[in-house]
Amino acid sequence: DTLIKNILFGIHGCLPKDSSSEDMIKAIRTVYSEEIWISRGLISRFITEYSRSVKSHEKLTSRESDITHLIVRGLSNKEIADRLLISEKTVKSHITRVFIKMGVDSRVKLTIKMFPNNH
């Protein structure tokens with residue numbers, strides 16, 4: 001998940017810890033020329049993690065998706081409950097499931113995960 005955020009937040013180069021000095025020089029030159037340097041292994045890991053992240057988002061029910069969008073807009077549990085004509089307890093239950101499915105533990109992290117390019 002950290003790799004996804006780093007790439008989406010605009011990192012231009014990433015090397016594994018055990019990279020050779022030759023690879024480091026190539027990476028520095030590549031980034032210096034305003035290109036991106038990420039090893040094949042990390043790209044593969046990124047694709048796997050990103051795919052897993054997208055799949056978890058697709059697993060949200062329609063109601064969970066509605067609640068997620070209201071959370072991102074900054075509404076409180078009470079405001080969400082009032083808007084959707086459900087109890088706050090039901091809202092909390094949906095939020096718990098959303099957090100689990102999305103792999104987050106706060107509204108802020110959920111918002112960042114929903115809109116990673118804005119941060």
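Here is a short tour of this predicted model, going from the whole chain down to one proline.

**Stop 1: the whole protein.** Start with everything selected and shown as a cartoon. You should find seven helices and two strands. Trace the chain from its start and the elements come in the order α-β-α-β-α-α-α-α-α.

**Stop 2: colour by confidence.** Now colour the residues by pLDDT. The mean for the protein is 82, and 80% of the residues reach 70 or more. Which elements have the lowest and the highest mean pLDDT? Select residues 2-8 for the low end: that's helix α1, with a mean of 62. Then jump to residues 77-84, helix α5, where the mean is 96, the highest among the elements.

**Stop 3: the surface.** Switch on the surface view. The protein exposes about 8100 Å², and carbon and sulfur atoms supply 55% of that. As for what's hidden, 30% of the 119 residues count as buried.

**Stop 4: Pro16.** Go back to the cartoon and select Pro16, which sits in the loop between β1 (13-14) and α2 (21-32). Is Pro16 buried, exposed or partly exposed? Its relative accessible area is 32%, so Pro16 is partly exposed, falling between the 20% and 50% cut-offs.

**Stop 5: who Pro16 touches.** Keep Pro16 selected and add Ser39 and Leu42. Pro16 is in contact with both of them, leaving aside its neighbours within four places in sequence. Next, add Gly41, which is 25 residues from Pro16 along the chain. Draw a distance between their C-alpha atoms and you should get 8.7 Å.

**Stop 6: zoom back out.** Finish with the contacts across the whole protein. Among those with a separation of 6 or more, 55% link residues 24 or more positions apart.

Terms used:
Residues are numbered from 1 along each chain as its sequence is written. This is a predicted model: local features need pLDDT of at least 70, side-chain atom pairs count only at pLDDT 80 or more; totals for chains, interfaces and linings use all residues. Side-chain values use heavy atoms; hydrogens and water are left out. Helices (H or I, at least four residues) and strands (E, at least two) are DSSP runs, numbered from the N terminus. Buried means under 20% relative accessible area, exposed over 50%, partly exposed in between (1.4 Å probe, protein chains only). Contact means heavy atoms within 4.5 Å. Accessible areas come from the Shrake-Rupley method with a 1.4 Å probe; for residues, only the protein chains shown count as cover. pLDDT is the predictor's confidence in each residue, from 0 to 100.
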